[in-house]
Amino acid sequence: MSKSIRATAALAAVLASAPILSSAKAWEPTKPVEIVVAAGAGGASDQMARMMQAAIQKNSLMKAPVVVSLKGGASGAEALIYMKSSEGDANKVLIAYSLIYMLPLSAKIPFNWRDLTPVSVVAMDQFVLWDNASGAKTVKEFIAAAKAASSPFKMGGTGSKREDHVLTVFMEKQTGAKFSYLPYKSGGEAATQLVGNHTEANVNNPSENLEVWRAGQVRALCVFDKERISYKTKVTETQSWNDIPTCKEEGLDVQYLMLRAMFLPGKVTPEQQAFYVDLFEKVTKTPEYKDYMEKQALKPIFLKGPEMLKFLEEDDALNKSLMTEAGFVAK
Amino acid sequence: MEAFGLLMHGFAVLMTWKIISLMVVGLVLGIFVGVLPGLGGPNGVAILLPLTFTMDPTSAIVMLSCIYWGALFGGAITSILFNIPGEAWSVATTFDGYPMAQQGKAAEALTAAFTSSFIGSLVAVMLITFLAPIISSFALKFGPPEFFAVYLLTFCSFVGLGREAKHKTVISMALGLLIAGIGMDTVSGNLRMTFGSDNLLRGINFLVAVIGLFGISEILLTMEERLALRGHAAKISLRTVLKVWMDLPKYWVTLLRSSVIGCWLGITPGGAIAASFMGYNLAKRFSKDSESFGKGRIEGVFAPETAAHASGTAALLPMLALGIPGSGTAAILLGGLMVWGLNPGPLLFVEHKDFVWGLIASMYLGNVVGLVIVLTTVPIFASILRVPFAAVAPMIVVSCAIGAYAIQNAMFDIWLMLGFGVVGYVFKKIGIPLAPFTLALVLGSRAEDAFRLAMIGSGGSVGVFWSNGLVGTITTLAITLLFWPVIDKVFSGVGRMLKPAAQTS
């Protein structure tokens, strides 16, 4: 398996380098390229941006250097406004996630992803229901405990009126249990607060809870997807990502996947867009990317062009309906 | 004793020429970065991070952490010489450091600052070495109520122990809290006080405000008073250094108290900033001669520097052991660790012993080498004072502007910084202290979030702040400190006897 991947990667690298030689006139950035992160240091987006920075530099995929710039202010709105105001500047590329749909709805940020230039969708991120290792052992027990609790049953998450919060609301609707949602500044904080027993559960992405899971401090109850995570290598002493049941298997029919996608500012030329589509396609073939996908239990995916647009429109509609149903759309 | 053996192993990992020279390079870069206002540790580390991608993780972290130590040392230089804190945690160092420089005791002040930085870091590193496993579980005890209690304690110690008139401290703090509220509110997810402006969306950056409040306002005052930066040729000789060192034992209580405060606030992410202020205030409170603070007292340099550095160092512990960065720089180091394929967390200490103990050993070595470097370069920095004000002032203004701009690459921040400069000038004129304002600006939104999360968690009952021994003790201590002047008066006789006991808390 890994051999064939490496062979494909090598082949891709050879194929990829050929057109550069033949079409020397194709556009290429001459100034440092900024990967704009709409979250704080150490979060999932930041880690991904740094992986890309390393993958691009180590494999010499581009001549210009890559810098990561953190624009996590105002829950990531800072990055969105920054991208919007950088029209025509092809040296900035945003690493986006579901906030591009949700923030404009919940906080009335004057932003629309259609103002930016889509490059590619590079991964899908999972959500897992976690509880403290000393807590309930199955989803059923967990829900029963939530229903029986006399004091507020606390669910930690990142930010308010965002993906974690939406998932919590849908769990409430599905089960009739009541949760008190505690919005933290980052997934890392939500993870430690769960370990310290200050919350009963969280719905972190796999990457955010990976280390505390490996240390046996939290338990993975179920994954919010139609199918199990594909990675079968043991991560903890006894479990692989694949051993986590889906929430539906456990009788909790809630699903949500989050995109990880690259965007350029608006009004860039088609050549510039094409350069980045090609660049990130190459990134997804590097060993660094593949390692990262497996380690952080992300779903590898690569969408570009009309395929990506169709996906974005559908995903936008879905997020909008979830946000509306959860009552998070600002009037 | 197992820790000791592992530490020796760590030293063995480091003892190569390559690593030692990387260390020196890192320290020198760090000092420069620390001297430039606004650039500071986090930005310096962020800019230099990609350089390390090609190194092996141990060399890389040694170099980056040395940049961090260098920045910690360097931040003190501008605070003392120009009254411009290069780093947020150097604000409290300006209170007595700058008056000392004005009195021609710049060399003493710098030596004191560097030495106490060294002591603070050393205490924290020893703590990391021997208490790592215990402390990482202690940090887990901190939920929203505990965090709020710590912030409350910091605020209350300011009001209760401050030298200034209480109402002025409260006014200053309230204005700071108001400004801290600008931007996105994490708990509700709504925007506040942004008035539709994209620039206000991300809130008022604390460093931009500090550079203006302290740096620009100082230039304005100096211009008005036609004061040159009257520095004397600070001849730092071995004798000055030794003289300061000879005096050290006299201040052992201050040093110890500040180290404890620093370690504690570094581990619980209260941060170096809160630590430096708290260290200063407590030193002043428990001094027999608290009137002389703020007028160039060497103890006023020892106290905040020791606390800031103990906390800056201790902040690395929760980052390694739990993956929660205790400071901005620690957060960037965290990003670096992940790039090198190391995941900070409880297992790091088990799975990557070489790396962890190499890093801890580099903290010892880095501090010793750093102290030597800064002490030998003090004459160079102190000689800046001999340059005429007319030449230095524009340079300071420019470096302030660059610093403010570099934080978020925003032109708006330069205007904001100039605005804060005027505010700082007015505050100084009407005698409103700046420190409570800056403190509220830094901790305001965190304190607010912690309070509201605690309220959500408890279903709205204030009793949660006394719900267990830890949080109850901190909250009670906070309220005691708030009303300390009253309590002090009532039990003035008894109070004097209780002071030594209170110091250890």
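Start by selecting strand 3 (92–96) and strand 10 (residues 258–264) of chain A: they run antiparallel and are joined by 3 bridges. Strands here are DSSP runs of E with at least two residues, helices are runs of H or I with at least four residues, and both are numbered from the N terminus. Two strands count as paired if DSSP finds at least two bridges between them. What you have open is a predicted model, in which local features need pLDDT of at least 70 and side-chain atom pairs count only at pLDDT 80 or more, while totals for chains, interfaces and linings use all residues. Residues are numbered from 1 along each chain as its sequence is written, and chains are lettered from A and ligands numbered from 1 in the order in which they are written.

**Stop 1: around strand 10**

Show A:Leu94, and you will find A:Phe263 of strand 10 of chain A opposite. Now add strand 4 (residues 117–125) of chain A, which pairs with strand 10 of chain A in the antiparallel sense over 7 bridges. A:Pro118 also stands opposite A:Phe263, and A:Val121 stands opposite A:Ala261.

Which residues of strand 10 of chain A point one way, and which the other? A:Met258, A:Arg260, A:Met262 and A:Leu264 point one way, A:Leu259, A:Ala261 and A:Phe263 the other, and all are buried. That makes 7 of 7 residues of strand 10 of chain A buried. Here, buried means that 20 or more other C-beta atoms lie within 10 Å of the residue's own; exposed means 12 or fewer, partly exposed is in between, and the C-beta atoms are placed from the backbone.

**Stop 2: the six-stranded sheet**

Widen the selection to the open sheet of 6 strands in chain A, whose order is 2-1-3-10-4-11 with mixed pairing. Strand 2 (66–70) and strand 11 (299–303) of chain A are at the edges with a single partner strand each, so each has one side without a neighbour in the sheet. From one strand to the next, the twist averages 20°.

Next, pick helix 9 (residues 270–283) of chain A. This helix lies across strand 3, strand 4, strand 10 and strand 11 of chain A, at about 20° to strand 4 of chain A. Such angles run from 0 to 180 degrees between N-to-C directions, with axes as lines fitted to C-alpha atoms, for helices over the stretch in contact. Contact means that the C-beta atoms of two residues, placed from the backbone, lie within 7 Å.

**Stop 3: the two domains**

Colour chain A by domain: domain 1 is 2–125 + 258–326 and domain 2 is 128–243, with bounds from an automatic or database domain assignment. Over C-alpha atoms, their centres are 28 Å apart. Each of the two domains of chain A gives 18 residues to the contact. On the domain 1 side, helix 2 (44–58), helix 4 (99–106) and helix 11 (305–326) of chain A are the elements that give two or more residues.

**Stop 4: the five-stranded sheet**

Now select the open sheet of 5 strands in chain A, with order 7-6-8-5-9 and mixed pairing. Strand 7 (180–184) and strand 9 of chain A are the edge strands, each pairing on one side only. Between strand 6 (residues 154–158) and strand 8 (residues 201–202) of chain A, which run parallel, there are 2 bridges; A:Met155 has A:Ala201 as its bridge partner. Helix 8 (residues 206–214) of chain A packs on the sheet, touching strand 5 and strand 9 of chain A, and its direction makes about 145° with that of strand 9 of chain A.

**Stop 5: helix 5 and the loop before**

In helix 5 (residues 139–148) of chain A, highlight the buried A:Val139, A:Phe142, A:Ile143 and A:Ala146. Why are they on the same side of helix 5 of chain A? They cover an arc of only 95° around the axis, using the directions from the helix axis to the C-beta atoms. The buried residues of helix 5 of chain A pack against strand 5 (128–132), helix 6 (163–175) and strand 9 (218–223) of chain A.

Step back to A:Thr138, in the loop between strand 5 and helix 5 of chain A. A:Thr138 counts as partly exposed because it has 14 C-beta neighbours inside 10 Å. Leaving out residues up to four places away in sequence, A:Thr138 touches A:Leu221 and A:Glu250.

**Last stop: chain B**

Finally, select chain B, with 23 helices and 2 strands. Of its 505 residues, 59% are buried.
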